[in-house]
Amino acid sequence: MKLKEFESKKLLLDEDIPLSEGILIDSVESVRSFSGKKMLKVQVTANGRGKAGGIFAVNYEEAKAKVGNFLGKEFLGEKVTEILLDELIDIEKELYLAVLFDTTKRCPVIVFSEEGGIDIEMTKNKTMAYVDYTKGITDEVLGNFPGSLHEIIKKLYSCFAKFDCRVIEINPLVVTSQDKLVAVDCVAVLDDDANYRRELKFPPRTNNREATKREVDAHKIDEGDHRGVAGKTFIDLEGDIAILTSGGG
């Protein structure tokens, strides 16, 4: 399950990772008056929101207009039901920090780049360090990264392990004009097989969209058994067609 930005930030908040302060908006009426500017961020799971025009700075009047334009409409293939009005931070530098599960080496890997922000996947300037599950974050692992990142790396790895993440990335992790580290945006992909034991719950979805009523009903068939596949793999298609796959075991 891939989470939206505001959902992913809940994972970071649980580990006391510094975040930009935002307000979740689900209607034009919920946009409260504010001075100066804030960042308006359309909440979808798709990548490339910034390039597609889903993230920009707005004043109060612009915020109301943009919220009205986006809510209930389709953006990057998803229906927009929430918008985040986020704090506008004075940024000195944008970094990238993530913990991923490497399926080849079968262990987590920490990835860091001093070139955070848009098109991070294109940069070759990355530092990587693999983590032994039995040892966790050791001094040897931390030694690959700047000392200023050590505390936030430990917290992010704790977040990765606690919530059974396949991926959790902060992009950008910004250095403010006060020389503080703040997570401005976050993406998390969770292991669906661990939903039964995860304390934080999120609405069910199929790929990058909300689950249909039939999908929700099908998933309830084996919701008490995380090993079950009776309804877990039910995918609704248009009309009267659906997919129900199963495996041995």
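1. Let's start with Phe34, which is buried at a relative accessible area of 14% in this predicted model. Phe34 sits in the loop between β1 (22-25) and β2 (38-42). A search of the whole structure finds 6 aromatic pairs. In one of these, the rings of Phe34 and Tyr60 meet edge-to-face, with 6.0 Å between centres and 80° between planes. This pair joins distant parts of the chain, since Tyr60 belongs to helix α2 (residues 60-70) and lies 26 residues from Phe34. Is Tyr60 buried or partly exposed? Tyr60 is partly exposed, because its relative accessible area is 21% and the cut-off for buried is under 20%.

2. Now compare that with Tyr157 and Phe160, an aromatic pair that is stacked: the centres are 6.1 Å apart and the planes differ by 25°. Where does this pair sit in the chain? Both residues are in helix α4 (residues 150-162), and because they are 3 residues apart there, about one helical turn separates them. Tyr157 counts as buried at 9% relative accessibility, and Phe160 is buried as well, with a relative accessible area of 2%.

3. Aromatic rings also group together elsewhere. Phe56, Phe70 and Phe75 are linked by ring pairs into a cluster, so this trio is worth picking out on the model in front of you.

4. Next, a look at Glu169, in strand β10 (residues 165-176). Glu169 is buried but has no salt bridge. How far away is the nearest side chain of opposite charge? That side chain belongs to Lys2, and it is 7.4 Å away; a salt bridge needs a distance within 4 Å. The side chain of Glu169 does make a polar contact, at 2.7 Å, with the side chain of Tyr96. Setting aside neighbours within four places in sequence, Glu169 is in contact with Tyr96, Leu97, Ala98, Asp185, Cys186 and Val187.

5. Lys2 deserves a point of its own. Lys2 is found in the segment before α1 (5-14), and it counts as buried because its relative accessible area is 17%, while the cut-off is under 20%. What does the side chain of Lys2 reach? A polar atom of that side chain lies 2.8 Å from the backbone oxygen of Thr45, and the side chain also makes a polar contact of 2.9 Å with the side chain of Asn47. Not counting residues up to four places away in sequence, Lys2 touches Thr45, Ala46, Asn47, Val187, Ala188, Val189 and Arg205. Val187 is also among the contacts of Glu169. As for Ile83, it is 81 residues from Lys2 in sequence and 17 Å away in space, C-alpha to C-alpha.

6. Finally, the cysteines. How many disulfides are there? The count comes to 0. Cys165 is buried, with a relative accessible area of 7%, and its sulfur is 5.6 Å from the closest cysteine sulfur, in Cys159, so the two are too far apart for a bond. Cys186, one of the contacts of Glu169, counts as buried at 2% relative accessibility. The closest cysteine sulfur to that of Cys186 is in Cys159, at 7.1 Å, which is too far for a bond. For reference, a disulfide would need the sulfur atoms within 2.5 Å.

Key:
Residues are numbered from 1 along each chain as its sequence is written. This is a predicted model: local features need pLDDT of at least 70, side-chain atom pairs count only at pLDDT 80 or more; totals for chains, interfaces and linings use all residues. Side-chain values use heavy atoms; hydrogens and water are left out. Helices (H or I, at least four residues) and strands (E, at least two) are DSSP runs, numbered from the N terminus. Buried means under 20% relative accessible area, exposed over 50%, partly exposed in between (1.4 Å probe, protein chains only). Lys and Arg count as positive and Asp and Glu as negative; His and the chain ends are not counted. A polar contact is a pair of N or O atoms within 3.5 Å; within protein, one must be able to donate a hydrogen and the other to accept it, and residues adjacent in sequence count only if both atoms are side-chain atoms. Contact means heavy atoms within 4.5 Å. Rings of Phe, Tyr and Trp (its six-membered ring) pair if their centres lie within 6.5 Å; planes under 30 degrees apart count as stacked, over 60 as edge-to-face and the rest as tilted.
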